[in-house]
Amino acid sequence: MTEPNPPRQGAVGRRTLLKALGVGGIAAAAGAAARTGAASASTSTSLNDVIVIGAGFAGITAARALRAQGVRAVVLEARDRIGGRTWTTTFAGEQVELGGQWLAESQPLAAAELRRYNIPLISDPDSFPDVAYYPAAEGPRAFDFLSANDHLGTLLAKLFDGTRDYFPRPYEPLYARDLVTGVDKLSLAARLDQLGLSTQDRLWLQGVTDSYSGGDSRTRGLTSMAQWWALGGHTHAGWDAQVATRPQGGMIGLLQRILADAAPDLRLNTPVTTISDNGRQVDVTTRDGRVLSARAVIVAVPANVWRTLRFTAGLPAVHTAASRFGLGVPNVVKFWFRTTGDNGRVYATGRPGDPVSLLLPQRVLANGDVLSVGFAEDPALDITDRAAVEAAIRRIAPGTKLLEHAYGPWGRDRYSLGAWGMRGPNQLVHLPTIQQPHGRLAFATGDIASGWNGAYVDGAIESGMRAARQALDLLQAA
Ligand SMILES: Cc1cc2nc3c(=O)[nH]c(=O)nc-3n(C[C@H](O)[C@H](O)[C@H](O)COP(=O)(O)OP(=O)(O)OC[C@H]3O[C@@H](n4cnc5c(N)ncnc54)[C@H](O)[C@@H]3O)c2cc1C
(Lines give C-alpha, C1' and ligand atoms only; values in the text may rest on other atoms or scores of the structure.)
Protein backbone atom coordinates (compact mmCIF):
# COMPACT_ATOMS: atom_id res chain seq x y z
CA MET A 1 0.00 0.00 0.00
CA THR A 2 2.94 2.35 0.34
CA GLU A 3 3.71 4.33 -2.75
CA PRO A 4 7.44 3.81 -3.40
CA ASN A 5 7.67 7.05 -5.38
CA PRO A 6 4.90 9.25 -4.09
CA PRO A 7 3.85 11.91 -6.59
CA ARG A 8 5.12 15.30 -5.63
CA GLN A 9 2.72 17.82 -4.30
CA GLY A 10 3.19 21.52 -3.99
CA ALA A 11 1.44 24.59 -2.72
CA VAL A 12 -1.93 25.05 -4.32
CA GLY A 13 -4.04 27.96 -3.17
CA ARG A 14 -7.62 27.28 -2.18
CA ARG A 15 -8.72 29.78 -4.83
CA THR A 16 -6.66 27.96 -7.47
CA LEU A 17 -8.32 24.75 -6.42
CA LEU A 18 -11.81 26.14 -6.53
CA LYS A 19 -11.07 27.66 -9.92
CA ALA A 20 -9.79 24.32 -11.11
CA LEU A 21 -12.89 22.65 -9.75
CA GLY A 22 -15.02 25.20 -11.56
CA VAL A 23 -13.49 24.38 -14.90
CA GLY A 24 -12.86 20.71 -14.68
CA GLY A 25 -13.91 19.15 -11.39
CA ILE A 26 -11.71 17.03 -9.19
CA ALA A 27 -9.50 15.65 -11.94
CA ALA A 28 -8.62 19.17 -13.05
CA ALA A 29 -7.86 20.17 -9.48
CA ALA A 30 -5.69 17.13 -8.93
CA GLY A 31 -3.91 17.93 -12.16
CA ALA A 32 -3.36 21.49 -11.01
CA ALA A 33 -1.89 20.15 -7.79
CA ALA A 34 0.45 17.89 -9.67
CA ARG A 35 1.57 20.63 -12.09
CA THR A 36 2.39 23.17 -9.41
CA GLY A 37 4.41 20.73 -7.33
CA ALA A 38 7.93 21.95 -7.83
CA ALA A 39 9.86 20.56 -4.90
CA SER A 40 9.94 17.29 -3.01
CA ALA A 41 7.34 17.00 -0.28
CA SER A 42 9.95 15.40 1.94
CA THR A 43 11.84 18.65 2.54
CA SER A 44 10.83 21.73 4.45
CA THR A 45 11.00 23.82 1.26
CA SER A 46 7.87 22.21 -0.18
CA LEU A 47 4.55 23.48 1.11
CA ASN A 48 1.74 20.96 0.97
CA ASP A 49 -1.86 21.99 1.36
CA VAL A 50 -2.82 19.52 4.08
CA ILE A 51 -0.94 16.85 5.97
CA VAL A 52 -3.03 14.27 7.79
CA ILE A 53 -1.25 12.50 10.64
CA GLY A 54 -2.75 9.05 11.19
CA ALA A 55 -4.41 6.60 8.78
CA GLY A 56 -7.28 5.31 10.90
CA PHE A 57 -10.90 5.83 9.92
CA ALA A 58 -10.77 9.50 11.01
CA GLY A 59 -7.65 10.34 9.01
CA ILE A 60 -8.62 8.46 5.84
CA THR A 61 -12.15 9.90 5.90
CA ALA A 62 -10.67 13.37 6.28
CA ALA A 63 -8.38 12.71 3.31
CA ARG A 64 -11.34 11.61 1.19
CA ALA A 65 -13.34 14.71 2.12
CA LEU A 66 -10.38 16.89 1.15
CA ARG A 67 -9.99 15.02 -2.11
CA ALA A 68 -13.62 15.68 -2.91
CA GLN A 69 -12.72 19.37 -2.78
CA GLY A 70 -9.67 18.92 -4.96
CA VAL A 71 -7.07 18.78 -2.18
CA ARG A 72 -4.82 15.73 -2.21
CA ALA A 73 -3.58 15.16 1.31
CA VAL A 74 -0.27 13.74 2.41
CA VAL A 75 -1.09 11.07 5.00
CA LEU A 76 1.65 10.11 7.44
CA GLU A 77 1.05 6.83 9.27
CA ALA A 78 3.32 5.44 11.97
CA ARG A 79 2.44 1.79 11.53
CA ASP A 80 3.05 -0.47 8.54
CA ARG A 81 -0.70 -0.70 7.98
CA ILE A 82 -3.76 1.52 7.82
CA GLY A 83 -6.69 1.10 10.18
CA GLY A 84 -5.33 2.08 13.59
CA ARG A 85 -7.66 0.74 16.26
CA THR A 86 -9.37 -1.41 13.67
CA TRP A 87 -7.12 -4.30 12.73
CA THR A 88 -8.43 -6.99 10.44
CA THR A 89 -6.25 -10.07 10.38
CA THR A 90 -6.41 -13.86 10.04
CA PHE A 91 -6.64 -16.30 12.94
CA ALA A 92 -7.36 -20.04 12.72
CA GLY A 93 -7.94 -19.55 9.01
CA GLU A 94 -10.70 -17.00 9.61
CA GLN A 95 -10.83 -13.26 9.06
CA VAL A 96 -11.01 -11.67 12.51
CA GLU A 97 -10.92 -8.19 14.03
CA LEU A 98 -8.49 -7.48 16.85
CA GLY A 99 -9.89 -3.97 17.25
CA GLY A 100 -13.19 -2.44 16.12
CA GLN A 101 -15.44 -5.17 14.77
CA TRP A 102 -19.17 -4.40 14.74
CA LEU A 103 -21.13 -1.79 12.82
CA ALA A 104 -24.88 -1.25 12.92
CA GLU A 105 -27.63 0.30 10.81
CA SER A 106 -28.33 2.72 13.64
CA GLN A 107 -24.91 4.30 13.17
CA PRO A 108 -25.79 6.72 10.39
CA LEU A 109 -22.36 7.61 9.03
CA ALA A 110 -21.03 4.06 9.10
CA ALA A 111 -24.28 2.85 7.52
CA ALA A 112 -23.97 5.50 4.79
CA GLU A 113 -20.45 4.28 3.99
CA LEU A 114 -21.67 0.70 3.73
CA ARG A 115 -24.42 1.77 1.34
CA ARG A 116 -22.04 3.89 -0.67
CA TYR A 117 -19.71 0.95 -1.24
CA ASN A 118 -22.40 -1.67 -1.38
CA ILE A 119 -20.97 -3.60 1.57
CA PRO A 120 -23.52 -5.71 3.47
CA LEU A 121 -23.65 -6.15 7.21
CA ILE A 122 -23.45 -9.78 8.27
CA SER A 123 -23.88 -11.51 11.60
CA ASP A 124 -22.12 -14.51 13.05
CA PRO A 125 -24.71 -17.29 13.34
CA ASP A 126 -22.68 -19.06 16.03
CA SER A 127 -22.71 -16.14 18.44
CA PHE A 128 -25.73 -17.45 20.34
CA PRO A 129 -24.27 -19.31 23.34
CA ASP A 130 -24.94 -22.86 24.51
CA VAL A 131 -23.74 -21.91 27.99
CA ALA A 132 -23.75 -18.49 29.66
CA TYR A 133 -21.83 -17.77 32.87
CA TYR A 134 -22.60 -14.75 35.02
CA PRO A 135 -21.01 -13.89 38.36
CA ALA A 136 -22.70 -15.09 41.53
CA ALA A 137 -21.60 -15.03 45.19
CA GLU A 138 -19.92 -18.43 44.94
CA GLY A 139 -18.23 -17.72 41.57
CA PRO A 140 -19.34 -18.03 37.96
CA ARG A 141 -22.74 -19.67 37.60
CA ALA A 142 -24.46 -20.90 34.41
CA PHE A 143 -27.74 -19.12 33.61
CA ASP A 144 -30.22 -19.38 30.81
CA PHE A 145 -28.81 -16.82 28.38
CA LEU A 146 -32.05 -15.25 27.19
CA SER A 147 -33.50 -14.67 30.63
CA ALA A 148 -30.17 -13.52 32.04
CA ASN A 149 -29.71 -11.11 29.14
CA ASP A 150 -33.22 -9.78 29.68
CA HIS A 151 -32.39 -9.17 33.31
CA LEU A 152 -29.19 -7.40 32.32
CA GLY A 153 -31.29 -5.23 30.02
CA THR A 154 -33.47 -4.24 32.98
CA LEU A 155 -30.36 -3.31 34.93
CA LEU A 156 -28.98 -1.27 32.05
CA ALA A 157 -32.30 0.56 31.75
CA LYS A 158 -32.00 1.48 35.45
CA LEU A 159 -28.42 2.64 34.96
CA PHE A 160 -29.44 4.88 32.07
CA ASP A 161 -32.78 6.01 33.45
CA GLY A 162 -33.25 9.66 32.50
CA THR A 163 -31.43 9.66 29.16
CA ARG A 164 -34.59 10.75 27.32
CA ASP A 165 -34.45 13.92 29.45
CA TYR A 166 -30.74 14.66 29.47
CA PHE A 167 -30.00 13.36 25.96
CA PRO A 168 -33.22 14.35 24.12
CA ARG A 169 -31.13 14.84 20.96
CA PRO A 170 -28.39 12.22 21.31
CA TYR A 171 -26.33 13.62 18.40
CA GLU A 172 -26.23 16.97 20.21
CA PRO A 173 -25.12 15.75 23.63
CA LEU A 174 -25.11 19.25 25.15
CA TYR A 175 -28.57 20.18 23.88
CA ALA A 176 -30.06 19.89 27.39
CA ARG A 177 -26.99 21.56 28.83
CA ASP A 178 -28.33 22.33 32.30
CA LEU A 179 -29.53 18.79 32.90
CA VAL A 180 -26.55 17.06 31.35
CA THR A 181 -24.03 19.18 33.22
CA GLY A 182 -25.28 17.63 36.43
CA VAL A 183 -25.04 14.13 34.98
CA ASP A 184 -21.57 14.85 33.59
CA LYS A 185 -20.22 15.02 37.13
CA LEU A 186 -21.06 11.37 37.79
CA SER A 187 -18.64 8.52 37.36
CA LEU A 188 -20.16 5.19 36.38
CA ALA A 189 -19.33 3.88 39.85
CA ALA A 190 -21.12 6.81 41.48
CA ARG A 191 -24.15 6.13 39.31
CA LEU A 192 -24.09 2.44 40.31
CA ASP A 193 -24.03 3.53 43.96
CA GLN A 194 -27.24 5.51 43.40
CA LEU A 195 -29.16 2.45 42.22
CA GLY A 196 -29.30 0.49 45.47
CA LEU A 197 -28.77 -2.83 43.70
CA SER A 198 -28.63 -6.27 45.27
CA THR A 199 -25.14 -7.75 45.55
CA GLN A 200 -25.64 -9.96 42.52
CA ASP A 201 -27.17 -7.23 40.37
CA ARG A 202 -24.29 -4.95 41.28
CA LEU A 203 -21.81 -7.67 40.26
CA TRP A 204 -23.53 -8.09 36.92
CA LEU A 205 -23.89 -4.44 36.10
CA GLN A 206 -20.46 -3.41 37.34
CA GLY A 207 -19.00 -6.30 35.36
CA VAL A 208 -20.32 -4.52 32.27
CA THR A 209 -19.33 -0.98 33.25
CA ASP A 210 -15.86 -2.08 34.38
CA SER A 211 -15.33 -3.89 31.10
CA TYR A 212 -16.24 -0.82 29.04
CA SER A 213 -14.14 1.38 31.35
CA GLY A 214 -10.96 -0.60 30.80
CA GLY A 215 -11.19 -2.13 34.28
CA ASP A 216 -12.42 0.56 36.67
CA SER A 217 -15.87 2.19 36.62
CA ARG A 218 -14.66 4.89 39.01
CA THR A 219 -12.51 6.43 36.28
CA ARG A 220 -15.14 6.86 33.56
CA GLY A 221 -18.10 9.20 33.41
CA LEU A 222 -21.68 8.07 32.98
CA THR A 223 -22.14 10.20 29.88
CA SER A 224 -20.36 8.11 27.21
CA MET A 225 -22.25 4.89 27.89
CA ALA A 226 -25.49 6.76 28.54
CA GLN A 227 -25.13 8.58 25.23
CA TRP A 228 -24.57 5.28 23.37
CA TRP A 229 -27.74 3.97 25.01
CA ALA A 230 -29.61 7.08 23.86
CA LEU A 231 -28.15 6.83 20.34
CA GLY A 232 -29.38 3.25 20.12
CA GLY A 233 -32.92 4.44 20.86
CA HIS A 234 -32.85 4.26 24.70
CA THR A 235 -33.59 0.53 24.64
CA HIS A 236 -31.84 -2.72 25.44
CA ALA A 237 -32.53 -4.02 21.94
CA GLY A 238 -30.85 -0.91 20.51
CA TRP A 239 -27.89 -1.47 22.84
CA ASP A 240 -27.45 -5.11 21.85
CA ALA A 241 -27.74 -4.22 18.15
CA GLN A 242 -24.41 -2.38 18.33
CA VAL A 243 -22.51 -5.66 18.77
CA ALA A 244 -24.47 -7.90 16.44
CA THR A 245 -23.36 -7.21 12.87
CA ARG A 246 -20.10 -6.60 11.05
CA PRO A 247 -19.17 -5.47 7.57
CA GLN A 248 -18.59 -8.26 5.09
CA GLY A 249 -14.92 -8.23 4.19
CA GLY A 250 -13.98 -6.73 7.53
CA MET A 251 -13.25 -3.19 8.64
CA ILE A 252 -10.23 -3.20 6.34
CA GLY A 253 -12.46 -3.84 3.32
CA LEU A 254 -14.49 -0.72 4.10
CA LEU A 255 -11.45 1.38 4.89
CA GLN A 256 -9.69 0.37 1.69
CA ARG A 257 -12.69 1.57 -0.30
CA ILE A 258 -12.55 4.94 1.44
CA LEU A 259 -8.79 5.05 0.88
CA ALA A 260 -9.22 4.35 -2.83
CA ASP A 261 -11.49 7.39 -3.15
CA ALA A 262 -9.20 9.51 -0.99
CA ALA A 263 -6.17 8.54 -3.11
CA PRO A 264 -3.81 10.39 -0.78
CA ASP A 265 -0.04 10.49 -0.85
CA LEU A 266 0.10 7.79 1.85
CA ARG A 267 3.33 7.12 3.67
CA LEU A 268 3.35 4.16 6.01
CA ASN A 269 6.08 3.55 8.64
CA THR A 270 6.30 7.31 9.13
CA PRO A 271 5.81 8.21 12.79
CA VAL A 272 5.52 11.92 13.47
CA THR A 273 7.35 13.32 16.49
CA THR A 274 7.04 17.10 16.32
CA ILE A 275 4.44 19.55 15.02
CA SER A 276 5.50 23.21 14.72
CA ASP A 277 2.86 25.74 13.80
CA ASN A 278 4.36 29.17 13.16
CA GLY A 279 1.04 30.76 12.24
CA ARG A 280 1.69 30.72 8.48
CA GLN A 281 2.53 27.05 7.99
CA VAL A 282 3.03 23.90 9.98
CA ASP A 283 6.25 21.91 9.94
CA VAL A 284 5.87 18.23 10.74
CA THR A 285 8.96 16.29 11.75
CA THR A 286 9.04 12.54 11.37
CA ARG A 287 11.06 10.13 13.50
CA ASP A 288 13.78 9.87 10.87
CA GLY A 289 14.27 13.64 11.04
CA ARG A 290 12.54 14.61 7.82
CA VAL A 291 10.42 17.76 7.83
CA LEU A 292 7.26 18.14 5.77
CA SER A 293 5.34 21.40 5.67
CA ALA A 294 1.73 22.24 5.04
CA ARG A 295 -0.69 25.09 5.26
CA ALA A 296 -2.91 23.05 7.52
CA VAL A 297 -2.49 19.81 9.44
CA ILE A 298 -5.11 17.34 10.58
CA VAL A 299 -3.94 15.54 13.70
CA ALA A 300 -5.78 12.22 13.34
CA VAL A 301 -4.00 10.20 16.03
CA PRO A 302 -5.79 8.92 19.15
CA ALA A 303 -6.31 11.52 21.88
CA ASN A 304 -4.03 9.50 24.18
CA VAL A 305 -1.20 9.92 21.68
CA TRP A 306 -1.35 13.74 21.69
CA ARG A 307 0.71 13.68 24.89
CA THR A 308 3.58 11.90 23.15
CA LEU A 309 3.86 14.42 20.32
CA ARG A 310 5.79 17.65 20.65
CA PHE A 311 3.59 20.60 19.75
CA THR A 312 6.07 23.46 19.77
CA ALA A 313 3.30 26.06 19.94
CA GLY A 314 1.64 24.15 22.77
CA LEU A 315 -1.80 22.61 22.94
CA PRO A 316 -4.95 24.05 24.48
CA ALA A 317 -5.36 23.05 28.12
CA VAL A 318 -8.41 20.95 27.32
CA HIS A 319 -6.44 18.79 24.86
CA THR A 320 -3.53 18.38 27.24
CA ALA A 321 -5.86 17.40 30.08
CA ALA A 322 -7.82 14.90 27.96
CA SER A 323 -4.66 13.25 26.66
CA ARG A 324 -3.05 13.04 30.11
CA PHE A 325 -6.25 11.61 31.54
CA GLY A 326 -6.42 9.15 28.65
CA LEU A 327 -9.73 9.30 26.76
CA GLY A 328 -8.82 5.91 25.31
CA VAL A 329 -9.51 3.40 28.09
CA PRO A 330 -6.39 1.78 29.54
CA ASN A 331 -5.19 -1.82 29.70
CA VAL A 332 -7.68 -3.34 27.28
CA VAL A 333 -6.56 -6.36 25.32
CA LYS A 334 -9.01 -7.79 22.83
CA PHE A 335 -8.24 -11.38 21.93
CA TRP A 336 -9.61 -14.13 19.74
CA PHE A 337 -9.23 -17.68 20.93
CA ARG A 338 -9.92 -21.20 19.77
CA THR A 339 -11.30 -23.90 22.04
CA THR A 340 -12.40 -27.46 21.39
CA GLY A 341 -16.15 -27.71 20.96
CA ASP A 342 -16.42 -29.86 24.14
CA ASN A 343 -17.88 -27.07 26.23
CA GLY A 344 -20.00 -25.65 23.40
CA ARG A 345 -20.27 -21.97 22.59
CA VAL A 346 -19.55 -20.24 25.87
CA TYR A 347 -20.57 -16.72 26.85
CA ALA A 348 -19.22 -15.31 30.11
CA THR A 349 -19.04 -12.01 31.93
CA GLY A 350 -16.66 -11.42 34.80
CA ARG A 351 -17.01 -9.77 38.15
CA PRO A 352 -15.10 -6.61 39.06
CA GLY A 353 -11.42 -7.46 39.39
CA ASP A 354 -11.45 -10.51 37.15
CA PRO A 355 -8.59 -10.35 34.62
CA VAL A 356 -10.97 -11.21 31.78
CA SER A 357 -14.30 -9.38 31.69
CA LEU A 358 -16.18 -10.79 28.72
CA LEU A 359 -16.18 -13.82 26.43
CA LEU A 360 -18.36 -13.94 23.30
CA PRO A 361 -18.61 -17.01 21.08
CA GLN A 362 -18.48 -16.11 17.40
CA ARG A 363 -17.96 -19.03 15.05
CA VAL A 364 -17.85 -22.81 14.98
CA LEU A 365 -15.21 -24.24 12.63
CA ALA A 366 -15.73 -27.24 10.38
CA ASN A 367 -13.96 -29.51 12.90
CA GLY A 368 -16.23 -28.33 15.72
CA ASP A 369 -13.71 -26.01 17.38
CA VAL A 370 -15.17 -22.74 18.64
CA LEU A 371 -13.72 -19.29 17.92
CA SER A 372 -14.55 -16.66 20.52
CA VAL A 373 -13.68 -13.07 21.36
CA GLY A 374 -12.43 -12.04 24.79
CA PHE A 375 -11.65 -8.77 26.54
CA ALA A 376 -9.02 -8.52 29.29
CA GLU A 377 -8.21 -5.45 31.37
CA ASP A 378 -5.73 -6.65 33.99
CA PRO A 379 -2.35 -5.01 33.33
CA ALA A 380 -0.71 -7.89 35.21
CA LEU A 381 -2.01 -10.50 32.75
CA ASP A 382 0.74 -11.61 30.37
CA ILE A 383 -1.34 -11.93 27.22
CA THR A 384 1.50 -13.68 25.40
CA ASP A 385 1.42 -16.56 27.94
CA ARG A 386 -1.11 -19.17 26.78
CA ALA A 387 -1.32 -20.85 30.19
CA ALA A 388 -1.90 -17.53 31.96
CA VAL A 389 -4.61 -16.57 29.48
CA GLU A 390 -6.27 -19.96 29.88
CA ALA A 391 -6.24 -19.59 33.68
CA ALA A 392 -7.74 -16.09 33.36
CA ILE A 393 -10.50 -17.36 31.08
CA ARG A 394 -11.27 -20.24 33.46
CA ARG A 395 -11.91 -17.74 36.26
CA ILE A 396 -15.13 -16.78 34.45
CA ALA A 397 -15.73 -19.81 32.20
CA PRO A 398 -14.74 -22.93 34.14
CA GLY A 399 -13.18 -25.80 32.26
CA THR A 400 -12.19 -23.86 29.15
CA LYS A 401 -9.35 -25.52 27.24
CA LEU A 402 -7.51 -22.89 25.25
CA LEU A 403 -5.91 -24.14 22.04
CA GLU A 404 -4.53 -20.89 20.68
CA HIS A 405 -5.16 -17.16 20.77
CA ALA A 406 -4.31 -13.89 19.03
CA TYR A 407 -4.52 -10.45 20.57
CA GLY A 408 -4.46 -6.69 20.12
CA PRO A 409 -2.79 -5.12 23.17
CA TRP A 410 -4.20 -1.63 22.68
CA GLY A 411 -3.22 -0.13 26.01
CA ARG A 412 0.43 -1.04 25.52
CA ASP A 413 0.65 0.00 21.88
CA ARG A 414 2.54 3.29 21.57
CA TYR A 415 0.38 4.40 18.64
CA SER A 416 -2.88 4.04 20.52
CA LEU A 417 -1.94 4.00 24.25
CA GLY A 418 -5.47 2.89 24.99
CA ALA A 419 -8.46 1.23 23.42
CA TRP A 420 -11.81 2.84 22.60
CA GLY A 421 -12.49 6.36 23.86
CA MET A 422 -14.65 6.96 26.89
CA ARG A 423 -15.02 10.25 28.71
CA GLY A 424 -14.17 10.73 32.35
CA PRO A 425 -16.42 12.68 34.71
CA ASN A 426 -16.80 16.39 33.84
CA GLN A 427 -15.44 16.01 30.32
CA LEU A 428 -18.55 16.22 28.17
CA VAL A 429 -18.86 19.95 28.87
CA HIS A 430 -15.50 20.48 27.14
CA LEU A 431 -16.54 18.73 23.93
CA PRO A 432 -17.18 21.87 21.82
CA THR A 433 -13.77 23.27 22.80
CA ILE A 434 -11.83 20.10 22.10
CA GLN A 435 -13.36 19.88 18.61
CA GLN A 436 -12.04 23.33 17.67
CA PRO A 437 -8.91 23.80 15.56
CA HIS A 438 -5.87 25.24 17.28
CA GLY A 439 -3.92 27.59 15.03
CA ARG A 440 -3.44 25.70 11.77
CA LEU A 441 -4.18 22.32 13.36
CA ALA A 442 -7.50 20.49 13.21
CA PHE A 443 -8.14 17.40 15.32
CA ALA A 444 -9.78 14.22 14.06
CA THR A 445 -10.45 11.14 16.13
CA GLY A 446 -13.51 9.21 17.15
CA ASP A 447 -12.50 9.97 20.75
CA ILE A 448 -13.91 13.49 20.35
CA ALA A 449 -16.97 12.82 18.20
CA SER A 450 -20.34 14.40 18.98
CA GLY A 451 -22.44 11.34 18.18
CA TRP A 452 -21.11 7.80 18.41
CA ASN A 453 -18.03 8.92 20.33
CA GLY A 454 -15.10 6.81 21.40
CA ALA A 455 -16.07 3.22 20.90
CA TYR A 456 -17.46 3.54 17.39
CA VAL A 457 -16.03 3.90 13.90
CA ASP A 458 -19.06 6.07 13.13
CA GLY A 459 -17.63 8.73 15.42
CA ALA A 460 -14.22 8.51 13.74
CA ILE A 461 -15.91 9.16 10.39
CA GLU A 462 -17.82 12.10 11.87
CA SER A 463 -14.67 13.67 13.28
CA GLY A 464 -12.72 13.13 10.04
CA MET A 465 -15.40 14.95 8.09
CA ARG A 466 -15.43 17.81 10.58
CA ALA A 467 -11.66 18.16 10.57
CA ALA A 468 -11.57 18.22 6.76
CA ARG A 469 -14.06 21.12 6.74
CA GLN A 470 -11.94 22.93 9.30
CA ALA A 471 -8.76 22.36 7.27
CA LEU A 472 -10.46 23.68 4.12
CA ASP A 473 -11.52 26.78 6.06
CA LEU A 474 -7.91 27.25 7.16
CA LEU A 475 -6.75 27.01 3.53
CA GLN A 476 -9.39 29.47 2.45
CA ALA A 477 -8.51 31.94 5.16
CA ALA A 478 -4.82 31.90 4.18
C1 LIG B 1 -10.55 -3.36 21.13
C2 LIG B 1 -11.44 -2.38 20.41
C3 LIG B 1 -12.71 -2.76 20.04
C4 LIG B 1 -13.54 -1.86 19.38
N5 LIG B 1 -14.75 -2.28 18.93
C6 LIG B 1 -15.46 -1.48 18.09
C7 LIG B 1 -16.58 -1.99 17.39
O8 LIG B 1 -16.93 -3.16 17.53
N9 LIG B 1 -17.26 -1.16 16.55
C10 LIG B 1 -16.85 0.12 16.34
O11 LIG B 1 -17.49 0.84 15.55
N12 LIG B 1 -15.75 0.62 16.97
C13 LIG B 1 -15.06 -0.15 17.82
N14 LIG B 1 -13.93 0.30 18.42
C15 LIG B 1 -13.59 1.73 18.28
C16 LIG B 1 -13.01 2.05 16.91
O17 LIG B 1 -12.11 1.06 16.53
C18 LIG B 1 -12.32 3.40 17.02
O19 LIG B 1 -13.21 4.35 17.54
C20 LIG B 1 -11.83 3.93 15.68
O21 LIG B 1 -11.15 2.94 14.97
C22 LIG B 1 -10.93 5.12 15.95
O23 LIG B 1 -10.46 5.65 14.73
P24 LIG B 1 -9.47 6.90 14.74
O25 LIG B 1 -9.13 7.17 13.34
O26 LIG B 1 -10.04 7.97 15.59
O27 LIG B 1 -8.19 6.39 15.55
P28 LIG B 1 -7.19 5.21 15.19
O29 LIG B 1 -7.91 4.11 14.52
O30 LIG B 1 -6.45 4.87 16.43
O31 LIG B 1 -6.21 5.85 14.11
C32 LIG B 1 -5.15 6.70 14.49
C33 LIG B 1 -3.95 6.43 13.60
O34 LIG B 1 -2.89 7.30 13.99
C35 LIG B 1 -1.67 6.58 13.88
N36 LIG B 1 -0.65 7.23 14.69
C37 LIG B 1 -0.53 7.23 16.04
N38 LIG B 1 0.55 7.93 16.40
C39 LIG B 1 1.13 8.39 15.27
C40 LIG B 1 2.29 9.16 15.00
N41 LIG B 1 3.08 9.62 15.98
N42 LIG B 1 2.59 9.44 13.69
C43 LIG B 1 1.82 9.00 12.69
N44 LIG B 1 0.72 8.23 12.89
C45 LIG B 1 0.38 7.94 14.17
C46 LIG B 1 -2.05 5.20 14.38
O47 LIG B 1 -1.10 4.23 14.00
C48 LIG B 1 -3.43 5.00 13.75
O49 LIG B 1 -3.35 4.38 12.49
C50 LIG B 1 -13.08 -0.55 19.11
C51 LIG B 1 -11.80 -0.17 19.50
C52 LIG B 1 -10.98 -1.07 20.14
C53 LIG B 1 -9.59 -0.65 20.52
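**Notes on the predicted model: two helices, a ligand and a glycine loop**

1. Let's start with helix α8, residues 199-212. This helix has 14 residues and runs 20 Å from its first C-alpha to its last, close to the 20 Å expected at 1.5 Å a residue. Bear in mind throughout that this is a predicted model.

2. How much of α8 is covered? Mostly covered is the verdict, with 10 of its 14 residues buried. The buried set takes in D201, then L203, W204, L205, Q206, G207, V208, T209, D210 and S211. Note that D201 and D210 are in there along with W204 and the leucines L203 and L205.

3. Helix α16 gets a similar check. It has 21 residues and reaches 30 Å between its first and last C-alpha atoms, close to the 30 Å expected at 1.5 Å a residue. α16 is mostly covered too, as 16 of its 21 residues are buried.

4. Now to the ligand. There are 39 residues around it, and the closest are E77, R85, W102, A455 and V457. Sorted by class, that shell holds 23 nonpolar, 12 polar and 4 charged residues.

5. Which backbone atoms should you look at around the ligand? A ligand oxygen sits 3.0 Å from a polar backbone atom of Q101, and a ligand oxygen is 3.3 Å from a polar backbone atom of F57. On the nitrogen side, a ligand nitrogen is 3.1 Å from a polar backbone atom of A78.

6. How much of the ligand's area does the protein bury? On its own the ligand exposes 990 Å², and the protein buries 98% of that. The elements giving two or more residues to the shell are α2 (57-68) and α16 (457-477), so α16 from point 3 turns up again here.

7. At the domain level, the ligand shell takes at least three residues from domain 1 (14-83 + 249-327 + 421-477) and at least three from domain 2 (124-244 + 329-415).

8. Last, a glycine to click on. G279 lies in the loop between β10 (272-277) and β11 (282-286). Is G279 buried or exposed? The label is partly exposed, because its relative accessible area is 48%, and that class sits between the under 20% of buried and the over 50% of exposed. The C-alpha of G279 is 6.5 Å from the C-alpha of G439, although the two are 160 residues apart along the chain.

Notes. Residues numbered from 1 in each chain as written. Predicted model: local features only at pLDDT ≥ 70, side-chain atom pairs only at ≥ 80, totals over all residues. Heavy atoms only, no water. Near = heavy atom within 4 Å. Polar contact = N/O pair within 3.5 Å; in protein donor to acceptor, adjacent residues only side chain to side chain. Areas by Shrake-Rupley, 256 points an atom, 1.4 Å probe, with all protein chains shown as cover. Helix = DSSP H or I, 4+ residues; strand = E, 2+ residues; numbered from the N terminus. Nonpolar A, V, L, I, M, F, W, Y, C, P; charged D, E, K, R; others polar. Domains from an automatic or database assignment. Expected span 1.5 Å × (residues − 1). Buried < 20%, exposed > 50% of the residue type's maximum accessible area, 1.4 Å probe, protein only.
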